[in-house]
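Dear colleague,

Please find below the structure that I am handing over to you. My findings follow it, arranged by topic.

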Amino acid sequence: IQTVDFLILDLIQNKLRCKFLDSLMIKAQSLGDGGIIWIAISFLLICYKKYRQAGVLHIVVLIMGVLIGNCLLKNIICRPRPCWINRAVSLLIPIPYDYSFPSCHTMSSFIAAAVLLHTDIMFAYPAFLLASVIAFSRLYLYVHYPYDIIGGIALGTIIAHLYAYYSTISNNFTPCGGTVEMIVLSFSSAFLFSHIFGYFYILVR
């Protein structure tokens, strides 16, 4: 896995690195720092009665993501970041000191995008676009592996869909997501769990 990860990261560094993208990717990843852009959107939703419940859902699910991704999985899997291993790459941002898997910038971004999908389909398109740019910025900046990004997408999608489903049952919250989203969720779930179990196998064998 790590060989493929570094192959992709090195390809990005060698083929895509330029001043324009340097500036753009730094700005993109800064929007995901601490989930700041998504928290701001949550409070904006709360200001409108029509979307108030979705805004609260947004915040609750983001907190769940931090607890599961940052506090739990990162410290169980303990995957070193690529920039810790390959010091030859000049970083554009300070070296992060927490572990690599999953990418919590990516996870929080896709949590937010998935919740917005359940809120109003019109919100989902720009949200998923921004989430994708933030996710790619973590690869471009050499602080995450591709599998960290995929894991963050999978975990964020799962958390958001499960909580939206629970809210549908308990609070009469009506989501907009449908069959296609649930297919994506199923594939994401399969990837996430196989990836986690694979890491555990490597650790204990």
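**Cysteines and disulfides**

Cys 47 has a relative accessibility of 59%, and it therefore counts as exposed. Please note that this is a predicted model. A disulfide is a covalent bond between the sulfur atoms of two cysteines. The number of disulfides found here is zero.

Cys 78 deserves a separate remark. With a relative accessibility of 31%, Cys 78 counts as partly exposed, because that value falls between the 20% limit for buried and the 50% limit for exposed. Its place is in the loop between α4 and α5. Although Cys 78 is not a glycine, its phi is positive, at about 55°.

**Overall fold**

The protein contains nine helices and zero strands. Read from the N terminus, the order of elements is accordingly α-α-α-α-α-α-α-α-α. Of the 205 residues in the protein, 45% are buried. Among contacts with a separation of 6 or more, 78% join residues that are 24 or more positions apart.

**Helices α4 and α6**

How does the span of helix α4 agree with what its 26 residues should give? Helix α4 covers residues 52–77, and at 1.5 Å a residue it should span 38 Å; the C-alpha atoms at its ends are 36 Å apart, which agrees. The buried residues of α4 include Ala 54, Gly 55, Leu 57, His 58, Val 61 and Leu 62. Further along α4, Gly 65, Gly 69, Leu 73, Lys 74 and Ile 77 are buried as well. Cys 78, the residue with the positive phi of about 55°, comes just after this helix.

The 16 residues of α6 should span 22 Å at 1.5 Å a residue, and the end C-alpha atoms are 22 Å apart, which agrees. As for burial, α6 is mostly covered, with 16 of its 16 residues buried.

**Loops with particular backbone geometry**

Two further loops should be brought to your attention. In the loop between α5 (82–85) and α6 (104–119) lies Pro 102. The peptide bond that joins Phe 101 and Pro 102 is cis, with omega at about -5°.

The other loop runs between α7 (121–140) and α8 (146–171), and Tyr 142 is placed there. Tyr 142 is a residue other than glycine, yet its phi is positive, near 65°. Is Tyr 142 buried or exposed? The relative accessible area of Tyr 142 is 0%, so this residue is buried, the limit being under 20%.

**The largest pocket**

The volume of the largest pocket is about 320 Å³. It is lined by 20 residues, of which Gly 34, Gly 35, Val 66, Asn 70 and Cys 104 are the closest to its centre. Which helix gives the most to the lining of this pocket? That helix is α4, with seven residues. Both α4 and α6 supply at least two residues each to the lining. Sorted by class, the lining consists of seven nonpolar, eight polar and five charged residues.

When you open the model, I would suggest beginning with α4, since that helix gives the most to the lining of the largest pocket and is followed directly by Cys 78.

Yours sincerely,

A colleague

How values were computed:
Residues are numbered from 1 along each chain as its sequence is written. This is a predicted model: local features need pLDDT of at least 70, side-chain atom pairs count only at pLDDT 80 or more; totals for chains, interfaces and linings use all residues. Side-chain values use heavy atoms; hydrogens and water are left out. Helices (H or I, at least four residues) and strands (E, at least two) are DSSP runs, numbered from the N terminus. The expected span of a helix is 1.5 Å times one less than its number of residues. Buried means under 20% relative accessible area, exposed over 50%, partly exposed in between (1.4 Å probe, protein chains only). On a 1 Å grid over the protein atoms alone, a cavity is a set of points where a 1.4 Å probe fits but cannot get out, and a pocket is an open set with protein on both sides within 12 Å along at least five of seven lines; lining residues have an atom within 4 Å of a point. Grid points are joined across faces, edges and corners, and a volume is the space filled by probe spheres set on the points. Ala, Val, Leu, Ile, Met, Phe, Trp, Tyr, Cys and Pro count as nonpolar, Asp, Glu, Lys and Arg as charged, and the others, Gly among them, as polar. A disulfide is a pair of cysteine sulfur atoms within 2.5 Å. Contact means heavy atoms within 4.5 Å.
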